[in-house]
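Thanks for coming. I will go through one chain today, starting from a single position and working outwards. Please have a look at the sequence and the structure first.

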Amino acid sequence: MTLNAVRICGFAACVWLLVVAQSHAEQLQIEADRDWTTAIAPFRIADGLYYVGSRGLASYLIVTPAGDVLINSNLESSVPLIRESVEKLGFRFKDIKVLLISHAHFDHVAGSEEVKRQTGAKYMVMDDDVSVVESGGKTDFAYAEYRYPPTKVDRVLHDGDEVRIGGMVLVAHKTPGHTRGCTTWTLRVRDGERLLDVVIVGSWYVNPGYRLGDGHGQKASYPGIPGDYHKTFALLQSLPCDIFLGAHGDYFDMLEKLERVKAGARENVWVDPSGYRAAVEARRLEFEAELKRQQ
Ligand SMILES: [Zn+2]
């Protein structure tokens with residue numbers, strides 16, 4: 001994106017400024033990547049719900065007597081890390097029967113083919129993300145150059161569909177915008193005596209380079225994208241939430257909450273209904289500001 005800006009810009013001083021900006025952006029990307037590939041100890045969130053991702057890329061394991069569910073396979077290089085995390089918790093990677101995703105971007109799905117190969121899990125993906133994962137990223141509206149092994153989808157999900165296994169019910173909420181089939185997962189879990197509503201946010205961000213409408217000689221990233229974001233925020237506002245999670249740890253301040261665990265917090269730090277409401281509202285306002293900026 002920054003490279004395109006350099007090309008479009010076309011005169012020396014501006015190019016120099018943008019080159020400086022680019023190296024900063026590259027630096028940020030390198031930092032993000034480092035977190036993406038840095039292992040952290042897996043941890044329990046509630047009964048049967050565990051975090052098995054890296055510092056920067058979230059993966060969740062849902063354990064049931066009939067087999068387990070993995071949400072997000074992440075990068076191709078993440079699969080051994082996820083496997084190690086599952087085994088450290090005392091579970092078997094092979095017991096994963098269902099593979100789900102937050103959305104069809106390479107940092108959440110590139111490892112899916114390998115997870116399927118190692119576990120035989122059924123891959124279940126929201127309708128409008130299916131062509132993206134089955135083409136290995138080729139049909140993505142924003143990141144067609146980031147390719148990964150194309151992965152066959154075994155069950156096409158639609159908005160509101162349920163994935164039922166061993167007494168767990170996961171509901172697939174279509175929250176499009178970030179990708180067309182971006183999926184927010186909800187489920188109900190126990191934490192001791194308490195029954196808690198979990199929300200795993202698919203994504204709520206407008207990435208650099210996304211076009212929210214036609215204009216300035218460019219077309220929208222896809223037709224109807226602003227309406228999709230509006231629907232997504234309305235849905236997220238309506239969901240009951242006790243345990244607040246998402247596709248990346250920074251959606252729900254994971255590292256800060258882990259510090260509280262380390263410091264001996266007695267409460268379950270993942271129960272954060274007000275943090276969820278505040279985050280939805282903050283992201284919604286950011287989206288509205290970006291929409292205005294682009295008009
Ligand atoms: Zn993404």
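Where is the place of asparagine 72? Asparagine 72 is in the loop between strand S4, residues 68–71, and helix H3. Before I go on, note that this is a predicted model.

Is asparagine 72 buried or exposed? It counts as buried, because 26 other C-beta atoms lie within 10 Å, and the cut-off for buried is 20 or more. As for what surrounds it, leaving out residues up to four places away in sequence, asparagine 72 touches Gly53, Ala58, Ser59, Ile101, Ser102, His108 and Ala247. Take serine 59 from that list: it is 13 residues from asparagine 72 along the chain, and the two C-alpha atoms are separated by 5.1 Å.

The loop leads into H3, residues 79–88. Buried in H3 are Val79, Leu81, Ile82, Arg83, Ser85 and Val86. Note that an arginine and a serine are in that list. Strand S3, 60–62, and helix H5, 112–119, are among the elements that cover the buried residues of H3. Just after the helix comes glycine 90, with a positive phi of about 95°.

Now the chain as a whole. There are nine helices and twelve strands. The chain has 295 residues, and 40% of them count as buried. If you take the contacts with a separation of 6 or more, 61% are between residues 24 or more positions apart.

The largest nonpolar core has 69 residues, and the members that touch the most others are Tyr60, Val125 and Leu245. Strand S11, residues 194–201, gives the largest share of this core, with five residues. For valine 125, setting aside neighbours within four places in sequence, the contacts are Ile101, Val130, Val133, Val153, Val156, Leu157 and Gly181. Ile101 also appeared among the contacts of asparagine 72.

Next, the sheet with S11 in it. Five strands form an open sheet, in the order S8-S9-S10-S11-S12, with mixed pairing. Why is one side of S8 and of S12 left without a neighbour in the sheet? Those two strands stand at the edges, and each has a single partner strand. On average, neighbouring strands here are turned by 20° against each other, ignoring direction.

At one edge, S8, residues 162–165, and S9, residues 168–174, pair in the antiparallel sense over four bridges. Arginine 164 stands opposite valine 169 in S9. The hairpin has two residues between its strands, and glycine 166 there takes a positive phi near 50°. At the other edge, S11 and S12 run parallel and are joined by four bridges. Isoleucine 200 stands opposite leucine 245 in S12, and Leu245 was one of the core residues named earlier.

Last, helix H9, residues 273–294. Its 22 residues should span 32 Å at 1.5 Å a residue, and its end C-alpha atoms are 32 Å apart, so the two values agree. Which residues of H9 are buried? They are Tyr276, Ala279, Val280, Arg283 and Phe287. Looking down the axis, these fall within an arc of 100°, so they line one face of the helix. In general, an α-helix has 3.6 residues a turn, so residues three or four places apart point the same way. The buried residues of H9 pack against S11, S12 and helix H7, 225–238. Turned away from that side are the exposed residues Ser274, Ala278, Ala282, Leu285, Ala289, Lys292 and Arg293.

That is the tour.

Notes
Residues numbered from 1 in each chain as written. Predicted model: local features only at pLDDT ≥ 70, side-chain atom pairs only at ≥ 80, totals over all residues. Core = buried A, V, L, I, M, F, W, Y, C linked by C-beta atoms within 7 Å. Buried ≥ 20, exposed ≤ 12 C-beta atoms within 10 Å, placed from the backbone. Contact = placed C-beta atoms within 7 Å. Pairing = 2+ DSSP bridges. Axes fitted to C-alpha atoms, helices over the stretch in contact; angles between N-to-C directions. Expected span 1.5 Å × (residues − 1). Arc of directions from axis to C-beta.
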